[in-house]
Amino acid sequence: MPLAAQTEFLKPDGLATANGYTHVVVSKPEKLVFVAGQVANNREGKLVGKDDLKAQTVQVFENIKTALAAAGATFDDVVKITWYVKGYKPEYLPTLRDVRNTYVNKATPPASTLVEVAALFQDDYLLEVEAIAVIPENQRKSK
């Protein structure tokens with residue numbers, strides 16, 4: 001079966017138009033959801049929270065939430081999160097964790113990787129986060 005027949009490339013309403021990438025890729029027959037790195041853009045593509053790590057982190061997680069919903073998933077389905085944080089410092093960790101913990105399932109948290117980067121695609125962005133979710137067969141039937 002060709003890749004296109006097994007995979008959906010979604011353009012969720014509520015996220016800025018993607019340029020050269022897909023926000024959400026869903027793979028079948030087992031439903032794997034790949035959410036592209038999200039930055040702190042609102043639905044119009046404007047930065048939220050210039051110079052404010054917490055505000056940017058909240059917007060990033062709201063964008064991931066929107067992307068997951070487009071694929072029929074929630075944060076309970078997320079199995080992996082990868083963080084890219086510009087100029088990471090240990091004092092950032094409590095802020096990042098506090099925001100993350102308001103979204104993810106704390107009883108079964110996803111695997112997570114945090115990578116310090118020198119820069120992101122534009123100077124004012126402080127972080128980018130990507131996610132992978134798995135929607136079990138029995139859960140898909142009830143959604």
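What follows is a short chat about the core, one helix and the main pocket of a predicted model.

Colleague: Which element gives the largest share of the largest nonpolar core?

Modeller: Ground rules: in this predicted model local features need pLDDT of at least 70 and side-chain atom pairs 80 or more, while totals for chains, interfaces and linings use all residues. Residues are numbered from 1 along each chain, and side-chain values use heavy atoms, without hydrogens or water. The core (buried Ala, Val, Leu, Ile, Met, Phe, Trp, Tyr and Cys joined through side-chain atoms within 4.5 Å; buried is under 20% relative accessible area, 1.4 Å probe, protein chains only) has 30 residues. Strands 2, 3, 4 and 6 and helices 2 and 3 each supply at least two, and the largest share, 6 residues, comes from helix 2.

Colleague: How do the buried residues of helix 3 sit around its axis?

Modeller: They are L96, V99 and R100. Going by directions from the helix axis to the C-beta atoms, they fall within an arc of 100 degrees, so they line one face of the helix.

Colleague: What covers them?

Modeller: Look for contacts, meaning heavy atoms within 4.5 Å. The cover includes helix 2 and strands 4, 5 and 6.

Colleague: Which residues lie nearest the centre of the largest pocket?

Modeller: Its lining has 6 nonpolar, 8 polar and 1 charged residues. Of the 15 lining residues, those nearest the centre are Y21, H23, V39, N41 and F121.

Key. Buried < 20%, exposed > 50% of the residue type's maximum accessible area, 1.4 Å probe, protein only. Helix = DSSP H or I, 4+ residues; strand = E, 2+ residues; numbered from the N terminus. 1 Å grid on protein atoms, 1.4 Å probe; cavity = no way out; pocket = protein on both sides within 12 Å on 5 of 7 lines; lining within 4 Å. Nonpolar A, V, L, I, M, F, W, Y, C, P; charged D, E, K, R; others polar.
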